[in-house]
Each structure stands twice: as C-alpha cells, then as structure tokens.
Amino acid sequence: MPSEDSKLTPETHDPNLHKTGSHLDGRFLFTRRSFLSVAVPGSILASRIMGQQQQPADLAERFRRMSEDAERKGLADPFKGITTDGHVAPGLFPIHSTGVSTEPVRNAAERFLAALTAEQRAKTMFPVDDPEWRKWMNQHFYVRQGVNFKEMTEPQRDAAFGLFSASLSARGVQLTRNIMRLNETLAELSGDHEFLGEWLYYITVMGKPSAHEPWGWQLDGHHAIINYFVLGDQVVMTPHFMGSEPVIAASGKYKGTVILQDEQNQGLQMVLALNEAQRSKAILNFSKTGNNNLTEAFKDNVVLDYAGLRASDLSAAQKRQALDLVELYIGNMDDGHARVRMDQVKGHLDDTFFAWIGGTGSDSVFYYRIHSPVILIEFDHQRPANLARFAAHPNEPNRQHIHAVVRTPNGNDYGKDLLRQHYLSHQHNG
C-alpha cells in the first residue's frame, strides 16, 4: 500500500534558520501567503485551494478504507516475529524474575481506567492476546481504537500521563510529549487540525492490570507508538516507534521543541569512529535517495538478515560507543527495566551488527541499523511527507523528517513469546 506519508513527504534542518512571515525553517522558507498558494496533499486546506473542497466526513471515509486495507494486508499472516531466515531462534526470552517491580505501572493503569467513563473503558480494554496489539500505524490517516486525549477531561489526561510517567523514564516521557507537540506544529503548518494535532493519540489496555497475569497497554498515534507488555516483573516495550515532521519546531505554539538529535548525532559519531576497514563493512551504500526503514507498521514478520559490521570487530571503546547509542533508545523505558534490557543486549553484543546507508558529512542524510538476536533499531531520515510542498527537494530525504523504530526480533515483540510460554505453563499446570 502506498504510504500516506510518502504521498505527502521531509525537510532538512539548517542551523541558520531564517524567518519569513509567520513561519520559518532553514529549508522550508515560506510565508503565510506562499503557504496558501500551494496544495498540501491530503489536507482539507488543499482541497479548498483547488476549488474541490473535500469534507472531513469524506476524508474520514477514505481513511477508514485505507486503514481496513492496511490491516487486511498487514495481518494476513499469523504473528511470527522478525527473523533473519524465517525461523525463530528459540530460548532467547525466558520467563524469570527481574527484581524490578511493575507495581507502579499496574497502579497507574488502574487509576487511568478508573478515571474513564464506562463507555470509554468499554472501547479502551481488549483481551491480552487480541490482534489489537498489531493494529498500530505511524501514519496520520489510520483509524485507531481506544480513548484519545482530545476527548479526555483534564483529570483523565493527568491519569494517562501518570501511566506514561510510571512506565517510561523522564526522557521517554519528554520524547513522547514532544512528538505529540510537534504533531500540533505540523497541524499549524499544514492547516489540517482535523486529522493532525497534539491530542490525537489513543490509549488501549490489553488484559486486566495484574501482578501475575499478563497485560499491557498501547499508545497509538502519528509518529508515536508504544507497546508496553507486562508479565510479573518483566516488561517488553516493543514495537516502539518515534518520529516527527518537523523534528525541530521553528514556529508556532511549541516553537523550540526538538527531538531525536542525539540519536541522529551519536549515530553519525559511531560511523565516524570506525576505521577504513570497519567502515567498508558497515556502509552498505553511500547513496540515500529514499526511505529505508524496513520494520514499521504491519511489518511484524519481516525476514531481515544481518548486514554490516559485526560488533566483535569493534574495539573496546567502540563497543562502549555502540552500547551508548543503543541506550538512547532503550533508555526511554523506566530506569529499572531499561537496565534489564541493556543487560540482555550486552549478552549478545558480539552477535550485534551495525549497518549504514548514506553520507557521513555533518549535514548528510542517512539510515542506520543495529541488529542482534534480541534487538533491532532503525533510524531513518525520510523524504518530506505532509510538508513536501515546502521542501527545496521534495523527493529527497532530509533531516526534518525522522523515523526511528525499536523491535524485539525472534518472536517477542508485544511480549508474544513470553505470553506463549505463560500459556504453555498454565496449560501444563492445569
């Protein structure tokens, strides 16, 4: 299915931002007047400008059909998980005690559910093994389930943010909120407040919050997806998608909001730290002309072999640098479970691969991937999407549209391997 984002598509950040009228951006130099003179694909404003106004209800119906098509194709095969050869490597994710309590997360989830009305709760709660886990998408057109922040009261929003705070680190909460804020910036720039904006993010709860039985929660919205599975004191927080267009707000209500710059810059520092022989293995292609992420929405069963430079070929200092890069992503979890997850990553460090596509200049666009039996991280500078009409090069990736995704390969995205083992154990004991 053609990506709605690819139809609309990124920018490149210039540190020397220039002002023109009420909007500013280094590579998106435009005035309010020039903004009104172009058609933004997919937006209500664009339809008005072209004299063919499309009502929100018409767009909503179109988006509903697109969503159904995405689900039909994306869920056609049962979940297996991301593998290197189509076969799941066994025994990687045993059920065990981590020693890190999940009680704060459970209490926060219970408070959130209690804050909802009966009607809201009914559309927010799903069984723990429901296909709803897999029904997420980073694109804005997707029709989502659950209760969204726009319809919540202030106390309900506070309870939802309380769930964030209990589940994520302070950095993870800040990143998630800033993605939501930048979606408001995108709404301001595109003129589309119907399908874009800060509060169009949905929460669902799978299973009943419990100290012993499996359960979890999901955040789903444009450029922000968190899947948070809990079994006892174990947590799996993948798939985790983060991104934005723009990634730097140069105007509007949230001017100055910035995300994913450390992930960008430390990734570049990682490749620059390699010697010539290492770089020849890590860099798959010096040319980056499109979007390279492979494991976004409805890509749960991708077969992706290892590629690039193996971490066993890194020096001790380079290994520490690689782990610091991984921690930028894992560190969005609450601190205790982030440490548990990093220990898991370290246990497979020598079987971890680092791959790169693109340039290595200070303003280059690029893609990188970190891949091991237990973790997959992708970072990608994307083509312009909703702001493509303002890009100097609308068909080329730039630094103002970033997608990043974290996965757990070999069958444990959404905690599904833990859930499988839990069911087997309970059947055996029964």
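This report describes helix H7, the aromatic pairs and two long-range approaches in a predicted model.

**Helix H7 and its surroundings**

Helix H7 comprises the 14 residues 154-167. Its end C-alpha atoms lie 20 Å apart, which agrees with the 20 Å expected at 1.5 Å a residue. An α-helix has 3.6 residues a turn, so residues three or four places apart point the same way. The buried residues of H7 are Gln156, Arg157, Ala159, Ala160, Leu163, Phe164, Ala166 and Ser167. Their cover includes the helices H5 (103-115), H6 (118-124) and H8 (170-190). Strands E5 (201-206), E6 (215-221) and E7 (224-231) also contribute to that cover.

Phe164, one of these buried residues, belongs to a cluster of rings joined by ring pairs, together with Phe149, Phe161, Trp199, Trp217 and Tyr228. Arg157, also buried in H7, lies over the face of Trp199 at 3.9 Å from the ring centre.

**Aromatic pairs**

The structure holds 20 aromatic pairs. Two of them are set out below.

| Pair | Centre to centre | Angle between planes | Geometry |
|---|---|---|---|
| Phe79 and Tyr414 | 5.9 Å | 75° | edge-to-face |
| Phe354 and Trp356 | 6.3 Å | 45° | tilted |

The pair of Phe79 and Tyr414 links distant parts of the chain, 335 residues apart. Phe79 lies in the loop between helix H4 (56-74) and H5, and Tyr414 in the loop between strand E15 (402-407) and helix H13 (416-429). Phe79 has a relative accessible area of 21% and is therefore partly exposed, whereas Tyr414, at 2%, counts as buried. The charged end of Lys416 sits over the ring of Phe79, 5.4 Å from its centre.

In the tilted pair, Phe354 is buried with a relative accessible area of 7%, and Trp356 is buried at 0%.

**Long-range approaches**

Phe298 is located in the loop between strands E10 (283-285) and E11 (309-310). Its relative accessible area is 11%, so Phe298 is buried. The C-alpha atoms of Phe298 and Ala70 are separated by 7.7 Å, although the two residues are 228 apart along the chain. Beyond its neighbours within four places in sequence, Phe298 is in contact with Ala70, Glu71, Gly74 and Leu75, and also with Arg134, Lys135, Trp136, Met137 and Tyr142.

A second approach involves Glu103, which is placed in helix H5. Glu103 counts as partly exposed at 41% relative accessibility. Glu103 and Asp233 are 130 residues apart in sequence, while their C-alpha atoms are 8.2 Å apart in space.

How values were computed. Residues are numbered from 1 along each chain as its sequence is written. This is a predicted model: local features need pLDDT of at least 70, side-chain atom pairs count only at pLDDT 80 or more; totals for chains, interfaces and linings use all residues. Side-chain values use heavy atoms; hydrogens and water are left out. Helices (H or I, at least four residues) and strands (E, at least two) are DSSP runs, numbered from the N terminus. The expected span of a helix is 1.5 Å times one less than its number of residues. Buried means under 20% relative accessible area, exposed over 50%, partly exposed in between (1.4 Å probe, protein chains only). Contact means heavy atoms within 4.5 Å. Rings of Phe, Tyr and Trp (its six-membered ring) pair if their centres lie within 6.5 Å; planes under 30 degrees apart count as stacked, over 60 as edge-to-face and the rest as tilted. A charge sits over a ring if NZ of Lys or CZ of Arg is within 6 Å of the ring centre and within 35 degrees of the ring normal.
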